[in-house]
Amino acid sequence: MKTGRVWFCALSALGAAALCGCQNTVNTISEEELHAKAHIVKDKRFVTDSALRSRLVLKEVNTSQTGTGFLRVQVSALNNRTGFFSELWSSMTGGAPYRISYKFVWLDENAMAVSDGVWMTRLIQPGETVYFQSVAPNARCRDFILNVKEAEDSF
């Protein structure tokens with residue numbers, strides 16, 4: 001009986017290690033002091049999916065103008081599903097890489113929707129920082145809304 005327990009524990013540990021070994025995560029390095037000057041804007045968030053919020057952290061919103069005067073936006077996000085237990089759970093549930101869908105809605109100077117956008121799907125590895133970018137469809141656009149949700153379909 002003792003031998004059976006030892007084998008069970010050993011096989012369980014080996015299985016857990018094998019599942020976690022299949023997890024791909026992203027390590028990054030960058031300059032400590034960035035030289036680029038970002039135009040970070042304050043944002044307002046409306047969260048309906050707390051699981052998505054805990055997994056994909058929206059970090060900052062950066063805007064600029066194109067040479068032709070169109071508003072350009074970039075939102076950075078981090079998949080913070082890292083660590084032993086998170087990796088184990090993601091491997092068992094098929095949550096790595098993480099699949100999300102997003103779209104930009106552009107608003108004109110009267111806060112009227114000009115473009116409803118198209119849902120785009122993206123894979124994000126654990127620990128990876130991604131950048132959602134879009135350029136306004138015309139020069140009248142002054143604001144935007146970024147919608148993010150877990151992807152319904154797979155690749």
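This report walks through the predicted model of one protein chain, from its overall make-up to its sheets, a tryptophan and a pocket.

**Overall make-up and confidence**

The chain has 155 residues, and 27% of them are buried. Three helices and eight strands make up its elements, in the order α-β-α-β-β-α-β-β-β-β-β from the N terminus. Among contacts between residues at least 6 apart in sequence, 66% join residues at least 24 apart.

How far can you trust the coordinates? The mean pLDDT of the chain is 79, with 67% of the residues scoring at least 70. Confidence is highest in strand E7 (residues 129-135), at a mean of 95, and lowest in helix H1 (residues 2-21), at 57. Over residues 17-21 the pLDDT stays under 50, and the model has seven contacts beyond four places in sequence for this stretch. Where pLDDT is low, the predicted coordinates should not be read in detail.

**The four-stranded sheet**

Let's start with the sheet that contains E7. Four strands form an open sheet in the order E1-E2-E3-E7, with antiparallel pairing. Strand E1 (40-41) and E7 are at the edges with a single partner strand each, so one side of each has no neighbour in the sheet. The partner of E7 is strand E3 (residues 71-79), joined to E7 by seven bridges. Two of the bridge pairs are Ala77 with Val130 and Val73 with Ser134.

Which side chains of E7 are buried, and which are not? Val130, Phe132 and Ser134 point to one face and are buried, whereas Thr129, Tyr131, Gln133 and Val135 point to the other face and are not. Both E7 residues named in the bridge pairs, Val130 and Ser134, thus belong to the buried set.

**Strand E4 and its partners**

Strand E4 (residues 98-107) is largely enclosed by the rest of the structure, because nine of its ten residues are buried. The table lists its antiparallel pairings, with one residue pair for each.

| Strands | Bridges | Residue pair |
|---|---|---|
| E4 and E5 | two bridges | Trp106 and Ser115 |
| E4 and E6 | five bridges | Tyr98 and Ile124 |
| E4 and E8 | eight bridges | Ser101 and Lys149 |

E4 and E5 also form a hairpin with five residues between the strands, where Ala111 takes a positive phi near 65°.

**Trp119, in a loop beside E5 and E6**

Trp119 is in the loop between strand E5 (113-115) and strand E6 (120-124). Is Trp119 buried, exposed or partly exposed? Its relative accessibility is 36%, so Trp119 counts as partly exposed, since that value falls between the 20% and 50% cut-offs. Leaving aside residues up to four places away in sequence, Trp119 touches Ser101, Tyr102, Lys103, Asn147 and Lys149. Among these are Ser101 and Lys149, the pair that stands opposite between E4 and E8. The C-alpha atoms of Trp119 and Lys149 are separated by 9.6 Å, although the two residues are 30 apart along the chain.

**The largest pocket**

Strand E8 turns up again here. The largest pocket holds about 870 Å³ of space. Its lining has 27 residues, with Lys44, Arg45, Phe46, Leu58 and Leu146 the closest to its centre. Helix H2 (50-55), strand E2 (56-65), E3 and strand E8 (143-150) each supply at least two lining residues. Which element gives the largest share of the lining? That is E8, with seven residues. By character, the lining divides into 15 nonpolar, nine charged and three polar residues.

Terms used:
Residues numbered from 1 in each chain as written. Predicted model: local features only at pLDDT ≥ 70, side-chain atom pairs only at ≥ 80, totals over all residues. Heavy atoms only, no water. pLDDT = per-residue confidence, 0-100. Contact = heavy atoms within 4.5 Å. Pairing = 2+ DSSP bridges. 1 Å grid on protein atoms, 1.4 Å probe; cavity = no way out; pocket = protein on both sides within 12 Å on 5 of 7 lines; lining within 4 Å. Points joined across faces, edges and corners; volume = space filled by probe spheres on them. Nonpolar A, V, L, I, M, F, W, Y, C, P; charged D, E, K, R; others polar. Buried < 20%, exposed > 50% of the residue type's maximum accessible area, 1.4 Å probe, protein only.
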